[in-house]
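Trainee: Please take one single part of this model and go through it closely with me, from its own build to what surrounds it.

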Amino acid sequence: MIIVLGFVLVAALLNGVGSGDTLDFSSIDGVSATTAYRAKDVIADEDREREAVYGIKQMGEVVKAHNRRVGQSLWELGEIHMQHKRNVADLQPALIQMDADLEKTYADLLARRLELRRSVTAEEWQKIYPRPAVPEPS
Amino acid sequence: MLRVAGSHMRLLQVLHQAHAVRLVLLVTALVGPACRSDDATRPDYYAEQQEVEKTVTHSSRAPAALAELRRRDEIFDQAARSKADFRAKLATLNADYNATPEQFSRLMAEYRAARQQTQRDILEASARLKRTVSPQEWKDLVAEESHTIRLELQRVIGEPVED
């Protein structure tokens, strides 16, 4: 009762932006809205602060919309895979579509990152998006 | 470590007899962060193994099906490592105010190649798994799975999926 689920989970790993994903610049550390709060704290200028917070929240919306589309595609993929007679060729179009969707979402988020940069100084940026700690070697 | 893993397995098997679907969630908690990504829980090999052993009784097809499941889990682990590596590099790049679009593009292209290879690997593994079981066995294996998939996707995506 969980055989196809395994396949769907791999596809989800590959194609989901997911909450807390690094590409979701609106929740860089995995906590939704934290980045926007940081921007509020860090940017003193009201106009720039408003622009930055709006930009960060919009990126969150892009990710949410992407996840919604991916969820739907994964559901359809699972339904196809559940039929024994359906083969790899039947699964491929949905996977290709999800891959293209992911690339589009990445491009959209990166364009928004560039846009956000216009309202934030280098010093403020470092406080909003601190350099991640290097993990200890295991 | 092996003893701990063994006791986890025994515990999981007992729990599975009690309630198969809840086991998926329990395994997530037990296996721990090494096998998780932020997007998806690792496929539950032990629960799947029991499903296959119960359903596919043919002497050579059953081990072949189990081998394909193991292979698929290896693909998942490799994909999770690749994605974690991509995320770490991207977070570092993003922290650099002066990072250029070209730097992002290079990183994206690198990850895209890894992701598409995984996509191909998982398709092949899934096709081989299907070929090892009969239509009736497959039907039994996936019976009532829609509900479980729906619940898990809702957890991963954060929103319900529709028919």
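Mentor: Helices (H or I, at least four residues) and strands (E, at least two) are DSSP runs, numbered from the N terminus. Read in that order, the elements of chain A run α-α-α-α-α, that is, 5 helices and 0 strands. This is a predicted model, in which local features need pLDDT of at least 70 and side-chain atom pairs count only at pLDDT 80 or more, whereas totals for chains, interfaces and linings use all residues. Residues are numbered from 1 along each chain as its sequence is written, while chains are lettered from A and ligands numbered from 1 in the order in which they are written.

The part I would choose is helix 1 of chain A, residues 3–15, whose 13 residues reach 19 Å from the first C-alpha to the last, close to the 18 Å expected at 1.5 Å a residue (1.5 Å times one less than the number of residues). Of its 13 residues, 13 are buried (20 or more other C-beta atoms, placed from the backbone, within 10 Å of a residue's own), so helix 1 of chain A is largely enclosed by the rest of the structure. For chain A as a whole, buried residues make up 46% of 138.

The largest nonpolar core (buried Ala, Val, Leu, Ile, Met, Phe, Trp, Tyr and Cys residues joined through C-beta atoms within 7 Å) has 43 residues, and those touching the most other members are A:V4, A:V8, A:V10, A:A11, A:L13 and A:L74. Elements of both chains give two or more residues to this core, among them helix 3 (46–81) of chain A and helix 5 (101–132) of chain B, but helix 1 of chain A gives the most, with 11 residues. Another core, of 15 residues, lies apart from it and includes A:A39, A:M59, A:V62 and A:L109.

Across the chains, 48 residues of chain A are in contact (C-beta atoms, placed from the backbone, within 7 Å) with 56 residues of chain B, and the largest share of chain B's side, 13 residues, comes from helix 4 of chain B.

Helix 1 of chain A also packs against helix 5 of chain B, at an angle of about 175° and with the axes 11 Å apart (lines fitted to C-alpha atoms over the stretch in contact, with angles from 0 to 180 degrees between N-to-C directions). That makes the two helices roughly antiparallel, a term for angles over 145 degrees. Here A:F7, A:V10 and A:L14 of helix 1 of chain A meet B:R115, B:T118, B:Q119, B:I122 and B:S126 of helix 5 of chain B.

How values were computed:
A residue is buried if 20 or more other C-beta atoms lie within 10 Å of its own, exposed if 12 or fewer, and partly exposed in between; C-beta atoms are placed from the backbone. Two residues are in contact if their C-beta atoms, placed from the backbone, lie within 7 Å. Angles under 35 degrees count as roughly parallel, over 145 as roughly antiparallel, 65 to 115 as roughly perpendicular and the rest as oblique.
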